[in-house]
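Subject: Handing over the model

Hi,

Here is the structure I promised to pass on to you. Have a look at it first, and then read on for what turned up.

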Amino acid sequence: MRNKGLIVSLTVVITLLCVYYLSFTWVAKTVNDRAAQYAIENKGSKQQYLDSVWREPVFNFFGAKYTLQEVKETELNLGLDLQGGMHVTLEVSPVAIIEAMAGNTDDADFKAAIQQAVEEQKSSQKPFTTLFFQAFKRTAPKKKLATIFAISQNQGKISSGSTDTEVKRVIRGEVGDAVDRAFEILRTRIDRFGTSQPNIQKLENTGRIQIELPGVDNPERVRKLLQGVAKLEFYEVATPDQYVEALYAVNKKLVDEQELAEKEELVTKEGKEVEEEEGLSTLTEGASDTAAAEAADSAAVAPKISPLFELLVGRNPSRLVYLVQDTGKINRILKRPEVQHLLPRGIKFLWQVKPDKLDDGAEIVQLYAIKEGRRSKALLSGEVVSNARQDLDEYGKVVVNMQMNAVGAKKWKKITRNSIGKQIAIVLDNYVYTAPVVNGEIPNGSSQISGNFTIDEAKDLANILKSGSLPAPTRIVEEAVIGPTLGKEAQQQGLNSIFVGLAVVVIFMVLYYSRGGFVANLALVFNIFFILGILANLQAALTLPGIAGIVLTIGMSIDANVLIFERIREERRIGASLMHAISKGYDKAFSSIFDANVTSFLVAAILYVLGQGPVKGFAITLMIGIASSFFTAVFITRVIMTWMTKKGDESKMSFEMGWSKSVLSSMKANFMSKRKVAYGFSAVFIAVGLALTIANGLNFGVDFKGGRSYVVRFSEAVPASDLKVGLLPSFGNKGTEVKTFGSDKVLKVTTSYLVEDESDKADAKVKNALVTGLEKLTGEKYEPNDNKNTPNSFSIVSSSKVGATIADDIKNSSVEAGLLALLVLFFYILVRFRKWQFSLGAIAALFHDVMFVISAFAIARLFGFDFEVDQVFVAAILTIVGYSINDTVVVFDRIREEIGLHPKMETAELFNQAINSTISRTLITSFTTFVVVLILLLFGGEVLRGFSFAMIVGIVIGTYSSIFIATPIVLDLAKNKEKAQK
């Protein structure tokens, strides 16, 4: 085998890297266990212990030390569905930005255009700015945009002579900046929220921001935090002589408390020792006097400095700089009521928003003493800032130029005249973004802020300065809250699925392929290990759909080994030696394996690009699994087999058991003669399914239709049908679905009541209607916390909300993903097989499979199996597309090979021979994958029930279509071409 050394080296390197990255997960779990033990023993909180060691080294990896923060940043993350938490998608309101840029005008045409654009956005995928421009053109066709937007606030950007194109460019730019500004503000808030491993990302070209907060137990607090309007203010920074004396008084008080506590502790300790030794001959009458003397000596050498000064970087009270990890301790000191009394009136302490780095990599932040005016007011508020931009000064240094309106310029002139040589802090959300020194009076409101800025930092500051005059209000358009108990249950269900699925595949491979099965199983273990290690390396989250991806990979990864082993068995049947058969088997199977994996990977990549939320987690895991299984099945197994047979001893390797030796090996079925029967069966089934879909519809989840959904756990079993009827009046007789969710004590309630209203008030109104209705119908009381151990009560263990607009986006992106997958696969098959008949046959079979699965959902609904159609269903459909094309490519590859070997053979006979040659591989792969997905259906939990059902149907029908649909269509197209040529 060529390049064996390279493969061995690469395997060792990947294994070591996976061990390295997964070790952080093990360490994080160990520290969490210690924190839980600390909470029990000290009657404190788990978070208190974690905070205390956050910046402390907790892991030593061959001399490299890592703090808990670094460990947490590198461990394998769990998705919200596996640990509980809150997922939120916010949309920055472009309406508020455009209205602010227009000076909140009362112009009738402007207001009419805004209203039309708001209505059109509910059913359109175009950006709001585009809809507004179109509506304004319809409302006032002869009116220029400049007549609305050429105001003093936009001076320098828009003038009365600006064309509509120029105005549109400025407006689009400001709306884009508002999204960036909201993102920075939200990121700063979330970083201070106190949750570990928060995730925030911009959804490009949508004006939306997606946030995930693991472990959140107070959703209402999160909503207020995320939707609160940022307040920009300007304050004077106090000079050291105005606050240092007060800090010395605080230090003295803290030292006195510390000394008193140490004295009491020492006397108590000595007293206990005296009591324990009482009566012994070694005890002297002066023991208590000795204890008192020792206490006094200890007090004499006690430290005369408190943490307030001890933790100062540089120990300079005139400049309050601390390490980031010490800010929590300082906050606790300054918040104490007795400390507050010692601090000077009119001064508050605020932290610098972003840390600076020392030469050794340590992060530091400055604590600013801020002077408040009367009634705690700032010198100036951000509404007066009309514009701000990043620029370069005459020396080429990065600066920020800030312009104020007339009202602000007048006040700013007075403020700067009285503050020459002093610092003015620019504060947002009670964090100091910068505190420049005033060099002179600024008479015209035009200021230049200099500092050691990078270009990006200057752009961020300029954007923040515009938050006063151009606020970026956000609204929640999608939300999901998952309780910790539900997350733990999902974890256990996911692990059960993996272990049971793995066990079934391992046993089957050994029973069918003997020692070859052991080699395949070893590759499978490597595969799962690599998937988890790479996920940790990429800092991707392992979600419940991601676990489904791993389970699916377990079934599909065997496919490559089955292809290879079947090829080896073919070579052995015609008399080849073991070494030669292994070499030929790998060589002949390679093209099929390569094409099958590339097509599956392309589908997974499309799913990742166009998918949202949990679908992305599934796609990432599937892509990693496909790449990893290709490497382990094709290369690692070959290295192992080469090593086992290097001395030519054929007894050390076998690929069959007695019973499996001739299974499906001499099949000679005439599949092509049954193609018209297959066409008829498929047409009837799909027609019935589509008719039922039109008549009854599908059970679309909130992902596709919008609305609110709640998973409710009761203490006793509750009939879903009774609740559905009873809840309708509570929800204004709007569409309401109630179904069991894993057990008859857990129900999922979905309603479209107030679907168009995405406000917090609407959220509260719907929830109150649900709680009131359930209390009335069941007689149980609502328990805000988990009611698992509370009798005669119910609790909402998870909830989700999807706005109507985002539901439309999800539907459209799902259709786009499906069409793009079919298009990409069409061209890939065309390039690889050089005949359009193969491409068209493959795509027709894939379209058939998709329609068959949708029909199966409609027919299942008729029999009482009401599976939900949501984003995860879309993931299942595209996975079926990948699986089916995988099957089809293997058959097509054998057809291509047979054409080369038997160019004069009759086409139908050749196609039959190709299918018969690959039937063992097709059925074995389908069987292993089917069993694994069946286990997922049984043990994977309610969330994956619809996914698993779709996959079971898809596996069966994908196998069927590769034999009875794809190949026959190629045959018919080829015959039609021959007739046309004659």
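A nonpolar core here is a set of buried Ala, Val, Leu, Ile, Met, Phe, Trp, Tyr and Cys residues joined through side-chain atoms within 4.5 Å. Please keep in mind that this is a predicted model.

**The cores**

With that definition, the largest nonpolar core has 141 residues, and Met509, Phe565, Phe857 and Phe947 are the ones with the most contacts inside it. Another core lies apart from it, with 43 residues that include Ile97, Phe133, Leu145 and Ile158. As background, nonpolar side chains tend to be buried together in soluble globular proteins.

What does Phe857 touch, once residues up to four places away in sequence are set aside? The list is Leu698, Phe867, Glu868, Val869, Phe873, Gly946, Phe949 and Ala950.

Met509 also turns up beside a polar residue, Asn521, in helix H19 (residues 515-537). Asn521 is buried, with a relative accessible area of 6%. Leaving out neighbours within four places in sequence, Asn521 is in contact with Val505, Val506, Met509 and Val510. The C-alpha atoms of Asn521 and Ala633 are 9.6 Å apart, although 112 residues separate the two in sequence.

A second asparagine to look up is Asn886, in helix H29 (residues 871-901). Asn886 is buried as well, at a relative accessible area of 7%. Between the C-alpha atoms of Asn886 and Thr959 the separation is 9.7 Å, with their positions 73 residues apart along the chain.

**Strand E20 and its partners**

Strand E20 (residues 707-714) is mostly covered, with eight of its eight residues buried. Gly707, Ser709, Val711 and Arg713 point one way from E20, while Arg708, Tyr710, Val712 and Phe714 point the other way; both sets are buried.

Which strands pair with E20? One is E24, running antiparallel to E20 and joined to it by eight bridges. Within that pairing, Arg713 is opposite Ser795 of E24. Another is strand E22 (residues 746-751), also antiparallel, over six bridges. There, Arg708 has Thr751 in E22 as its bridge partner.

E24 (residues 793-802) also holds Lys801. Is Lys801 buried or exposed? Lys801 is buried, with a relative accessible area of 4%. Its side chain makes a polar contact of 3.1 Å with the side chain of Asp763. Beyond four places in sequence, Lys801 touches Gly707 and Arg708, along with Ile476, Val477, Glu478, Glu479, Glu758 and Asp763. Gly707 and Arg708 are the E20 residues already met above, pointing opposite ways from that strand.

**A three-stranded sheet**

Elsewhere there is an open sheet of three strands, in the order E13-E14-E17, with antiparallel pairing. Strand E13 (385-392) and strand E17 (446-450) are at the edges with a single partner strand each, so each has one side without a neighbour in the sheet. On average, neighbouring strands of this sheet are turned by 20° against each other, ignoring direction.

The pairing of E13 with strand E14 (residues 398-404) is antiparallel and spans seven bridges. Val385 has Met404 of E14 as its bridge partner. Helix H16 (residues 406-417) packs on this sheet, where it touches E14 and E17, and its direction makes about 110° with that of E14.

**A one-sided helix**

In helix H14 (residues 327-335), the buried residues include Thr327, Ile330, Ile333 and Leu334. Viewed down the axis of H14, the buried residues fall within an arc of 120°, so they line one face of the helix. On the face turned away from that buried side are the exposed residues Arg332 and Lys335. The general rule behind such a pattern is that an α-helix has 3.6 residues a turn, so residues three or four places apart point the same way.

**Two backbone angles**

Finally, a pair of arginines for your backbone checks. Arg315 has a positive phi, near 50°, without being a glycine. Arg315 is in the loop between helix H13 (307-310) and strand E8 (321-323). Arg834 is not a glycine either, and its phi is positive at about 65°. Arg834 belongs to the loop between helix H27 (804-833) and helix H28 (836-862). Arg834 is exposed, with a relative accessible area of 71%.

Happy browsing, and best wishes!

How values were computed:
Residues numbered from 1 in each chain as written. Predicted model: local features only at pLDDT ≥ 70, side-chain atom pairs only at ≥ 80, totals over all residues. Heavy atoms only, no water. Helix = DSSP H or I, 4+ residues; strand = E, 2+ residues; numbered from the N terminus. Buried < 20%, exposed > 50% of the residue type's maximum accessible area, 1.4 Å probe, protein only. Arc of directions from axis to C-beta. Polar contact = N/O pair within 3.5 Å; in protein donor to acceptor, adjacent residues only side chain to side chain. Contact = heavy atoms within 4.5 Å. Pairing = 2+ DSSP bridges. Axes fitted to C-alpha atoms, helices over the stretch in contact; angles between N-to-C directions.
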